[in-house]
Amino acid sequence: MKWLAECSVAAFREALQAVAPELSGCPVTVPVPDPAAKADPLWWSSSAALGERFVAKFAWSRPAALRLANEIGVLTALAAAPTVPYLPEVVAASTDPLLLITRRVPGASLFEVADSIDPDRAGQQLASFLAALHHPVARKRAEAAIGKLTGAQLPPATTSVLRERFGTWIRLDQCRTVARWCDWADAALAWPGPAVLVHGDLHGDNQVWDYNQLRLVADFETVGAAEPEYDLRAFPGPGMGPGVDLLTAVMRHYQQIAGRQLSADRVMAWHLRNALGDALWRSEAGIALADHRTPPEWVEDLAPRFTALGIDPESIGRDL
């Protein structure tokens, strides 16, 4: 495996000429690397636009290259019949030099359309994707391509980390609430669920929608083995539409398609760790939260989601 020497148009064009010379005449836009990623080679990867029809992913460090190589292997494996729906169409791929080129699909992030789409229709499509991805055959194929999957990649913050460090960014009364929520989450996830192939990072920006139609699920670099509920941890929000209608629609259709019932408690336990962990690292790094609100507002926003799902995460705290 050979990754790019640097993030530059020159290095990218050299790799493109070797992997897909027929596309070497396309206009190329290589973005400037995110300043927040410079300190960690794991994030030394990016995407380049090849004209208006293609997107190319590349890396310029070994850790990032390993993730991209895994994505190439997984996409190749899952494209075999019976296919997982909504996969990117691979136009060209290579590990020497390392480059993944997929066909660009026009559309918008789920974050941009979540307030206007029909949650039931959207939920059915997302459930179709997840049911196929979580099928035992999909994991078997992925592991044949990239090796044994032993857990989730880049899991969210632990409840211990949230107890120790999140209090700096919220009100004192919220510290007690978050501590009780963490106790509840520990209890909800005390026993592991069945491990399936998971996307690992299924947030709104990794989906392409044309209004009510899901066109594409992107970024399979963080596939791993975890319980099905792990893939739903971003769906309660924020940014996933009003209330929890999309989440409940996905869960309902998933049960119909996969014949497996999902636990709302487990989804929300993962969601708690995911949402507050995201708010924590952004705050500590001096980066604005995704919706430009504050950590106290994110805590306030969590309570109605629990209520809408009929969950009382403070009950265990009252019993301790």
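1. Which strands does helix 2 (residues 62-78) lie across, and at about what angle does helix 2 run to strand 5? In this predicted model, helix 2 lies across strand 2, strand 3, strand 4 and strand 5, and its course makes about 45 degrees with strand 5.

2. The sheet beneath this question deserves a description of its own. It is an open sheet of five strands, paired in the antiparallel sense and arranged in the order 1-2-3-5-4. Its edges are formed by strand 1 (28-29) and strand 4 (90-95), each of which pairs on one side only. Helix 1 (residues 9-19) also packs on the sheet, where it touches strand 1, strand 2, strand 3, strand 4 and strand 5 (98-103), and the direction of helix 1 makes about 75 degrees with that of strand 5.

3. As a general reminder, the strands of a sheet pair through backbone hydrogen bonds, and the pairing may be parallel or antiparallel. A case to follow in the structure is that of strand 2 (residues 45-50) and strand 3 (residues 54-59), which run antiparallel and are joined by six bridges. Within this pair, serine 45 of the chain has alanine 59 in strand 3 standing opposite.

4. Further along the chain there is more antiparallel pairing to trace. Strand 6 (residues 108-109) pairs with strand 8 (residues 207-210) over two bridges, and here serine 109 stands opposite valine 208 in strand 8. Strand 8 pairs in turn with strand 9 (residues 213-217), over four bridges and again in the antiparallel sense, with aspartate 210 having glutamine 213 in strand 9 as its bridge partner. Two residues separate strand 8 from strand 9 in the hairpin that they form, and tyrosine 211, in the turn, has a positive phi of about 55 degrees.

5. Is glutamate 71 buried or exposed? This residue, whose place is in helix 2, has a relative accessible area of 2%, and it therefore counts as buried, since the cut-off for that word is under 20%. Leaving aside residues up to four places away in sequence, glutamate 71 touches Lys57, Leu100, Asp219, Phe220 and Glu221.

6. One open space also merits a comment, namely the second largest pocket, which holds about 200 Å³ of space. Its lining consists of 13 residues, and those that lie nearest the centre are Arg67, Asn70, Gln153, Glu221 and Val223. By kind, the lining of this pocket divides into five nonpolar, five polar and three charged residues. Glu221 is thus a residue to look at twice, being named both among the contacts of glutamate 71 and among the residues nearest the centre of the second largest pocket.

Notes:
Residues numbered from 1 in each chain as written. Predicted model: local features only at pLDDT ≥ 70, side-chain atom pairs only at ≥ 80, totals over all residues. Heavy atoms only, no water. Pairing = 2+ DSSP bridges. Contact = heavy atoms within 4.5 Å. Axes fitted to C-alpha atoms, helices over the stretch in contact; angles between N-to-C directions. 1 Å grid on protein atoms, 1.4 Å probe; cavity = no way out; pocket = protein on both sides within 12 Å on 5 of 7 lines; lining within 4 Å. Points joined across faces, edges and corners; volume = space filled by probe spheres on them. Nonpolar A, V, L, I, M, F, W, Y, C, P; charged D, E, K, R; others polar. Buried < 20%, exposed > 50% of the residue type's maximum accessible area, 1.4 Å probe, protein only.
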